[in-house]
Amino acid sequence: MTLAPDPPHNASTPGPITPTGALFANRSFVGLLATQFLGAFNDNVYKQMVLLLCLDYKRLWNLQEDQYQPIATALFTVAFLAFSGLAGFLSDRFRKRNIIVLCKVAEVLVMLSGLIALLSAPFGSVQLLTSLIIVLLFMGAHSAFFGPSKYGILPEMLPEKQLPAANGWVQMTTFLAIIFGIALSGFLKELVGNRLWIISCLCICIAILGTITAQLIRSRPAAQPNLRFSPSCLLVESSAWRTLSSDRALIIVLLVYSIFWFAGGVVLPTVNEIGKSQLQWGDGLTSGINACMAFGIGIGCGISGWLSRDRIAFGLVRLGAFGTALAFVAVATIAASGLDPSTKPYAMGAGLFIAGGFAGLLAVPLQVFIQARPPAHQKGRVLGAMNLFTWIGILLSTAFYFICNIVLSRIGLPPCWILAALAPIMLGITFLFWPKINAVPTGE
């Protein structure tokens with residue numbers, strides 16, 4: 001397929017524009033899709049490597065509870081909380097394409113610092129684990145600045161009627177990147193052993209490739225080039241907060257979206273702990289099973305975008321939450337059962353895939369609503385607030401996982417029941433989420 005150039009943009013009329021060709025003939029959209037895929041892939045290769053290393057240290061130091069996965073995840077999350085507001089401000093103040101390119105350059109530098117850390121300290125040392133977790137924090141900061149511009153530029157390059165399908169593709173490829181990143185990280189870690197610098201070299205190459213694909217994105221005028229900085233921009237800028245606080249539907253959708261990421265934040269370390277500690281699997285099998293949920297989410301997002309068409313189908317949110325809750329209980333039951341060890345990985349993988357599929361159904365309608373609802377001149381800051389809500393949810397997930405892990409360990413139950421503890425939270429969405437809006441809204 002030949003990529004058509006993006007249509008000309010009139011700076012005096014900001015907002016969504018209609019491309020001349022189909023979705024995938026839009027050069028900017030293809031460039032953005034490739035760039036965010038590579039970024040998400042890189043994040044998950046490195047992050048999963050560090051999380052699996054945390055469990056190696058747990059075994060090496062004979063610790064009863066998993067302490068280091070929550071610490072690593074929490075620091076990664078804190079970076080998002082610290083910079084999401086500022087990132088939203090910058091995405092409105094400056095051209096989003098420029099921010100995206102600068103973020104990819106920063107990613108190369110962050111991955112390079114990870115290589116230096118791996119070459120500077122021996123395996124098993126406190127210095128090595130500490131350094132890698134600090135690099136993970138910088139990765140979180142980089143991703144915080146990337147998020148608002150990534151999502152905020154979509155309404156600038158596409159008409160609103162294409163946003164559900166475009167978000168379906170963005171979400172699907174994001175979770176495909178998570179699948180491949182998590183799975184590859186585990187298999188590579190098992191293959192290279194203590195020579196983790198090899199994985200870090202791969203991450204540097206991926207970051208460079210992402211910087212190249214970012215060049216395909218066409219530049220658009222800044223949404224508010226004269227926007228002035230104020231201290232409130234470090235969290236939620238005052239005008240964006242007024243928009244949020246006056247829109248009950250938007251607040252509710254933001255909260256539900258944060259629960260989606262809360263659940264995802266619990267599942268990753270829980271499945272790592274189930275695989276490596278409870279079932280004594282290797283890094284490769286553990287990561288492969290963990291990737292099954294991300295694969296399901298990617299497929300679910302694609303189906304959700306197709307079913308939504310040019311509308312927001314909030315009924316998919318309730319269906320997705322209900323199915324996810326049931327699947328979590330099923331996976332916990334399978335992991336705790338006496339099922340044949342040769343069959344258990346397949347059964348757990350299938351259960352997590354189904355859980356992810358239902359989770360994907362609920363994600364896209366929420367994302368499209370958040371993206372289309374705010375006025376064009378506030379999209380970046382509202383999306384920065386979305387990042388803030390999302391990562392508050394993920395930060396709470398680390399506390400939830402840590403507390404559940406300790407409680408289950410003290411009463412002699414395996415960590416798989418952490419997944420079952422998520423079910424009531426997901427069921428709450430099914431019974432409480434009944435918005436009246438069922439069409440693509442606009443703040444124009």
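**Figure 1. Gly140 is buried in this predicted model****.** Gly140 has 0% relative accessibility, and therefore counts as buried. The residue belongs to helix α4. Beyond residues up to four places away in sequence, Gly140 touches Phe76, Ala79 and Phe80. Leu75 gives a further spatial marker for this view: its C-alpha is 8.1 Å from that of Gly140. In sequence, Gly140 and Leu75 are 65 residues apart.

**Figure 2. His142 is a buried histidine of helix α4****.** Helix α4 covers residues 126-152, and His142 is found in it. The relative accessible area of His142 is 9%. The cut-off for burial is 20%, so His142 counts as buried. Its side chain makes a polar contact with the side chain of Ser143, at 3.5 Å. Not counting residues up to four places away in sequence, His142 touches Asp43, Cys103, Lys104 and Glu107.

**Figure 3. Two charged side chains sit over aromatic rings****.** Lys104, one of the residues that His142 touches, places its charged end over the ring of Phe146. The distance to the ring centre is 5.1 Å. In the other pair, the charged end of Arg93 sits over the ring of Phe94. Here the distance to the ring centre is 4.7 Å.

**Figure 4. Helix α1 is mostly covered and has a capped N-terminal end****.** The helix runs over residues 27-60 and has 34 residues. From first C-alpha to last, α1 reaches 49 Å. That is close to the 50 Å expected at 1.5 Å a residue. Of the 34 residues, 28 are buried. Asn26 caps the N-terminal end. One of its side-chain oxygens lies 3.0 Å from the backbone nitrogen of Ser28. Just after the helix, Asn62 takes a positive phi of about 55°.

**Figure 5. Phe29 has many partners in the largest nonpolar core****.** This core has 133 residues. Those with the most contacts inside it are Phe29, Tyr46, Val50, Leu154, Phe260 and Leu366. Helix α9 gives the most to the core, with 15 residues. Phe29 is in contact with Leu23, Phe24, Leu154, Met157, Leu158, Ala166, Trp169 and Val170, leaving aside neighbours within four places in sequence. Leu154 thus appears both as a partner of Phe29 and among the core residues with the most contacts.

**Figure 6. Trp261 forms edge-to-face pairs with Tyr257 and Phe260****.** A search of the whole structure finds 11 aromatic pairs. In one of them, Tyr257 and Trp261 are 6.4 Å apart, centre to centre, with 80° between the planes. Helix α9 covers residues 248-278; Tyr257 and Trp261 are four residues apart in it, and so are separated by about one helical turn. Both Tyr257 and Trp261 are buried. Phe260 and Trp261 have ring centres 5.3 Å apart, and their planes also meet at 80°. Phe260 is buried as well. Phe260 is also among the residues with the most contacts inside the largest nonpolar core.

**Figure 7. Four aromatic residues form one cluster****.** The members are Tyr57, Trp61, Tyr68 and Phe123. Tyr57 falls within the residue range of helix α1, 27-60.

**Figure 8. Asn405 is buried in helix α13 and reaches Asp66****.** Helix α13 spans residues 379-411 and includes Asn405. The relative accessibility of Asn405 is 5%. The cut-off for burial is 20%, so this asparagine counts as buried. Its side chain reaches the backbone nitrogen of Asp66 at 3.4 Å. Leaving aside neighbours within four places in sequence, Asn405 is in contact with Glu65, Asp66, Glu273, Pro415 and Ile418. Glu273 falls within the residue range of helix α9, 248-278.

**Figure 9. The whole chain has 14 helices and zero strands****.** Read along the sequence, the pattern is α-α-α-α-α-α-α-α-α-α-α-α-α-α. The protein has 444 residues, and buried residues make up 59% of them. Consider contacts between residues at least 6 apart in sequence: 85% join residues at least 24 apart.

Key. Residues are numbered from 1 along each chain as its sequence is written. This is a predicted model: local features need pLDDT of at least 70, side-chain atom pairs count only at pLDDT 80 or more; totals for chains, interfaces and linings use all residues. Side-chain values use heavy atoms; hydrogens and water are left out. Rings of Phe, Tyr and Trp (its six-membered ring) pair if their centres lie within 6.5 Å; planes under 30 degrees apart count as stacked, over 60 as edge-to-face and the rest as tilted. Helices (H or I, at least four residues) and strands (E, at least two) are DSSP runs, numbered from the N terminus. Buried means under 20% relative accessible area, exposed over 50%, partly exposed in between (1.4 Å probe, protein chains only). A charge sits over a ring if NZ of Lys or CZ of Arg is within 6 Å of the ring centre and within 35 degrees of the ring normal. A nonpolar core is a set of buried Ala, Val, Leu, Ile, Met, Phe, Trp, Tyr and Cys residues joined through side-chain atoms within 4.5 Å. Contact means heavy atoms within 4.5 Å. The expected span of a helix is 1.5 Å times one less than its number of residues. A polar contact is a pair of N or O atoms within 3.5 Å; within protein, one must be able to donate a hydrogen and the other to accept it, and residues adjacent in sequence count only if both atoms are side-chain atoms.
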